[in-house]
Amino acid sequence: MTLPIIAVVGRPNVGKSTLVNRLIQAQDAIVHPSSGVTRDRSYHRTDWNGREFMLVDTGGIEFSADDAFGGSIREQAVVAAREADAVVFLVDGSVGIAAGDEEVAGLLRRQDTPVFLVVNKLDTPGREDAIHEFWALGLGQPWPASALHGHGTGDLLDALVDALPEAEATEEGEAIGVAIIGKPNAGKSSLYNRLLGRERAIVSEVAGTTRDAIDTLLHDGETTFRLVDTAGLRRKSQIDESVEYYGFVRAMRAIDRADAAVLVIDAVTGVTDQDQRVARFAEERGCGLVIALNKWDLVETPEAKIDLVERLPDKLGFIGYAPVVRVSALKGTGVHKLLPMISSVFESYAQTIPTSRLNRMLSDLRASGHTISKGGAMLRLQYATQTGTRPPVFTFFANHPRLVDTNYERYLENRLRESFDLVGTPVRLKFRKKD
């Protein structure tokens, strides 16, 4: 279903993210006193009185910003307003009309989209008369509100949903959730934009540009993907600002709700400790994985390329099941291979293997005679069945499950991967005593 969109725009620090959190009744949007914290558009699905819609939190619009991101933030906010079905223009009622409000109002007056001028930070009841000067912005009736305390937000939502078109039914089917992950500045946003074929996320050479995770549906033939561009994952010891911390938490949530993750590695610098930590995090949370060696075109010699690939098992052996795709997000080389590979990984991730096939494999294992023993007790695997998907979970019934150690678990996992198509997906093994 294609939902109507409401974009929240305005200058920095007028309370846009606080209002978004109030309207969606969650703490999804990053709130911080520093300007420029919300840099990309951040989409949030919510509803009011049975009407579902998407709420878009945007970066603060500035016209004389010293911040290197100022132009990109302004462009993203304008795009959000242009694609929206309604716009909430938020201003600060505690300071009155401020420098930049008139310029933003001028931008919005040129749009055909309905605009709701909301005067925020009227936290004390009885201050509604403070809205009168905002009539001068030429956007019609100002709406008094306090995003912090919730005053006026119910009336605002009533008016907003009345102005929205009806949601359109589509034949999307189930979307495959894909988190694009990796250390800062590995090229995640560039890859994200290349996959979508348009400038959807802000791309910058400055590490950590993408602080909010932003979702976009992408149709490829009969398959729908939900792409999530996440903040660059840093070591926790390097997350000094609370803003970076909340961006890190957002990226963690994106991985938690993804079916598959594309681990973007800078092929020029090779696999780093940070890459290993990011991969470990995704593997621990049971996410399907594809490794994208980005900037492949910048690796100088064939020998350097061979060396990088040969070192992968040493650096990332714990996700040795993940297929590797060599890409250049900047030039587009190899990117066309990613979506088909993600589809294959998702099929493995969501598949159910018949119990009869599992037990045929188990019979072959017993015939080989490979087992473990300790203290006079010998392990006998008697029965196996799949007890979960996304990722696949296999339960083995045995006479002495306590005998199973890490090495034997790895042996069983390898036999499962040899017998069945489990490309790109972690597997979970459980052992129970058979009565």
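## Exercises on a predicted protein model

In strand 10, the residue that forms a bridge with Ile180 is Val262. Let us start from that pair and work outwards. This is a predicted model, in which local features need pLDDT of at least 70 and side-chain atom pairs count only at pLDDT 80 or more, while totals for chains, interfaces and linings use all residues. Residues are numbered from 1 along each chain as its sequence is written, and side-chain values use heavy atoms, with hydrogens and water left out.

**Exercise 1. Find how strand 7 is joined to strand 10, and say whether its residues are buried or exposed.**

Step 1: Recall how the elements are named. Helices (H or I, at least four residues) and strands (E, at least two) are DSSP runs, numbered from the N terminus.

Step 2: Look at the pairing. Two strands pair if DSSP finds at least two bridges between them. Strand 7 (residues 175-181) is joined by four bridges to strand 10 (residues 260-266), and the two run parallel.

Step 3: Check the cover. Buried means under 20% relative accessible area, exposed over 50%, and partly exposed in between (1.4 Å probe, protein chains only). In strand 7, seven of the seven residues are buried.

Step 4: Sort the residues by direction. In a regular strand the side chains alternate between the two faces of the sheet. Here Ala175, Gly177, Ala179 and Ile181 point one way, Ile176, Val178 and Ile180 point the other way, and all are buried.

**Exercise 2. Compare the reach of helix 7 and of helix 9 with the span expected for each, and list their buried residues.**

Step 1: Work out what to expect. The expected span of a helix is 1.5 Å times one less than its number of residues.

Step 2: Take helix 7 (residues 273-284). With 12 residues, this helix reaches 16 Å from its first C-alpha to its last, close to the expected 16 Å. Its buried residues are Gln274, Asp275, Val278, Ala279, Phe281, Ala282 and Glu283. After helix 7 comes Gly286, which has a positive phi, near 75°.

Step 3: Take helix 9. Its 13 residues reach 18 Å from first C-alpha to last, close to the expected 18 Å. Leu338, Leu339, Ile342, Ser343, Val345, Phe346, Ser348 and Tyr349 are its buried residues.

Step 4: Zoom in on Ser348, which is in helix 9 (residues 338-350). Ser348 counts as buried because its relative accessibility is 2%. Contact means heavy atoms within 4.5 Å. Leaving aside neighbours within four places in sequence, Ser348 is in contact with Pro392, Asp421, Leu422, Val423 and Thr425.

**Exercise 3. Classify the ring pair Phe116 and Trp143, and then the pair Tyr408 and Tyr411.**

Step 1: Set the rule. Rings of Phe, Tyr and Trp (its six-membered ring) pair if their centres lie within 6.5 Å; planes under 30 degrees apart count as stacked, over 60 as edge-to-face and the rest as tilted. The rule gives five aromatic pairs.

Step 2: Apply the rule to Phe116 and Trp143. Their ring centres are 6.2 Å apart and their planes are at 50°, so this pair is tilted. Phe116 is in strand 5 (residues 115-120) and Trp143 in strand 6 (residues 142-144), 27 residues apart, and the pair links distant parts of the chain. Phe116 counts as buried, because its relative accessibility is 11%.

Step 3: Apply the rule to Tyr408 and Tyr411. With centres 5.5 Å apart and planes at 35°, this pair is tilted. Tyr408 and Tyr411 are three residues apart in helix 11 (residues 406-419), so about one helical turn separates them. Tyr408 is buried at 4% relative accessibility, and Tyr411 is buried at 15%.

**Exercise 4. Which residues of the protein have low confidence, with pLDDT below 50 or under 50?**

Step 1: Know the scale. pLDDT is the predictor's confidence in each residue, from 0 to 100.

Step 2: Begin with the whole. The mean pLDDT of the protein is 81, and 78% of its residues reach 70 or more.

Step 3: Find the extremes. Confidence is lowest in helix 6 (residues 242-256), with a mean of 55, and highest in strand 12 (residues 324-326), at 97.

Step 4: Name the stretches. Over residues 30-40 the pLDDT is below 50, and this stretch has 44 contacts in the model beyond near neighbours in sequence. Over residues 239-247 pLDDT stays under 50, and the model has 14 contacts for them beyond four places in sequence.
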